[in-house]
Amino acid sequence: MMEFNNTRYKKRKLFNQVAMTLSMVTVVIALFFLAWILFTLFSNGFQYLSTAVFTESTPPPGGAGGLSNAIFGSLMMVVFATLIGTPVGILAGTYLAEYGKTGWLAPTTRFINDILLSAPSIVIGLFVYEIAVHRVGHFSGWAGAIALSLIVIPVVVRTTENMMLLVPSALREAAAALGAPYWKVITIVVYRSAKAGILTGLLLGVARISGETAPLLFTALNNQFWNADMAKPMASIAVVIYQFALSPYDDWQHLAWAGALIITLFVLGLNILARTVFRQEQVQR
């Protein structure tokens, strides 16, 4: 019996060592490619960063210019997409976590939300093109913001539901025992306890839409000039990178490298901020 247990222990130890080795190899491979991408971006993009990149609009071929209109357009559409998607996502996540414990609506909503989470962004762009561009007759920044908000919503829904489910039921019961109505229990107790996780999901959603290109090609299109009117076609840094990187002009390609570095640093910063906020909340608990 002792010999049988010793053999089984050795076999499990071997399997564990093999699994750990394979895991370490995959981590090293992933970190290698991440470091390679960042090194390529910094080595090719940092040298073309200048004040003009942030103060001048996109130039014609052979001219001097920057990416100010594209940066401004991206910020506008991301901000409005966040303002549209955040309340919808939080309210839907609240329903799933607090009220959708029975019935058919909650499982159906979760299923649709999972589909939206994995749906290709170009499909969302085509959908918004059909309902908001084709019917109106022109591209616009509002259409781009709507497309991006449809990408934010499922991320916020899933994060809000998961974070609210992590709040202990004892907190809800204690608030209810004091005579608080259920809506006040949610807004004062549950939201306050889950705020770090909800904020983390929101930041991750913003980071995701910041680099989206395909939906904006069908909705906001592009604009070579400075434009603050959301009802007109609007430039975005992701679309400008796509167009300039494919161009045969060196000055456009240089701006594409600079734009790629800017958007990468922005997304990287948002991810670091989201994880820092969540970690600080975990430490406080």
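In this predicted model, Phe-80 comes out as partly exposed, with a relative accessible area of 26%. That figure falls between the two cut-offs, under 20% for buried and over 50% for exposed, so Phe-80 gets the in-between label. Trp-142 gets the label too: at 38% relative accessibility, this residue also counts as partly exposed.

Phe-80 and Trp-142 turn up together as a ring pair, with 4.8 Å between the ring centres and 65 degrees between the planes. Since planes over 60 degrees apart count as edge-to-face, that is the class the pair falls into. As for where the two rings sit, Phe-80 belongs to helix 3 and Trp-142 to helix 6 (residues 141-165), so the contact ties together parts that are 62 residues apart in sequence.

A stacked arrangement shows up elsewhere, between Phe-244 and Trp-252. Here the centres are 4.4 Å apart and the planes make an angle of 10 degrees. Both Phe-244 and Trp-252 are buried. Ring pairs also join Phe-32, Phe-33 and Trp-36 into a cluster. The total for the model is nine aromatic pairs.

Turning to open space, the largest pocket has a volume of about 180 Å³. Two elements give two or more residues to its lining, namely helix 3 (68-99) and helix 11 (250-284). Helix 3 makes the largest contribution, with four residues. The lining as a whole includes Phe-54, Ile-71, Leu-75, Ile-262, Ile-263 and Phe-266. By class, eight of the lining residues are nonpolar and two are polar, with no charged ones. Ser-74 and Ser-210 are among the residues that line this pocket, and both are polar by class.

As for enclosed space, a search of the whole structure picks up one cavity of 30 Å³ or more. The volume of the largest cavity is about 50 Å³. Its lining draws at least two residues from each of helix 3, helix 8 (182-210) and helix 10 (237-245). Helix 3 again has the largest share, this time with three residues. Among the residues around the cavity are Met-77, Leu-148, Ile-209, Leu-216, Ser-236 and Ala-238. The lining splits into seven nonpolar, three polar and one charged. Glu-212 is part of this lining, and Glu is one of the residue types that count as charged.

Some residues serve both spaces. Ser-74, Val-78, Ser-210 and Ile-237 appear in the lining of the largest pocket and also in that of the largest cavity.

Note on methods. Residues are numbered from 1 along each chain as its sequence is written. This is a predicted model: local features need pLDDT of at least 70, side-chain atom pairs count only at pLDDT 80 or more; totals for chains, interfaces and linings use all residues. Side-chain values use heavy atoms; hydrogens and water are left out. On a 1 Å grid over the protein atoms alone, a cavity is a set of points where a 1.4 Å probe fits but cannot get out, and a pocket is an open set with protein on both sides within 12 Å along at least five of seven lines; lining residues have an atom within 4 Å of a point. Grid points are joined across faces, edges and corners, and a volume is the space filled by probe spheres set on the points. Rings of Phe, Tyr and Trp (its six-membered ring) pair if their centres lie within 6.5 Å; planes under 30 degrees apart count as stacked, over 60 as edge-to-face and the rest as tilted. Buried means under 20% relative accessible area, exposed over 50%, partly exposed in between (1.4 Å probe, protein chains only).
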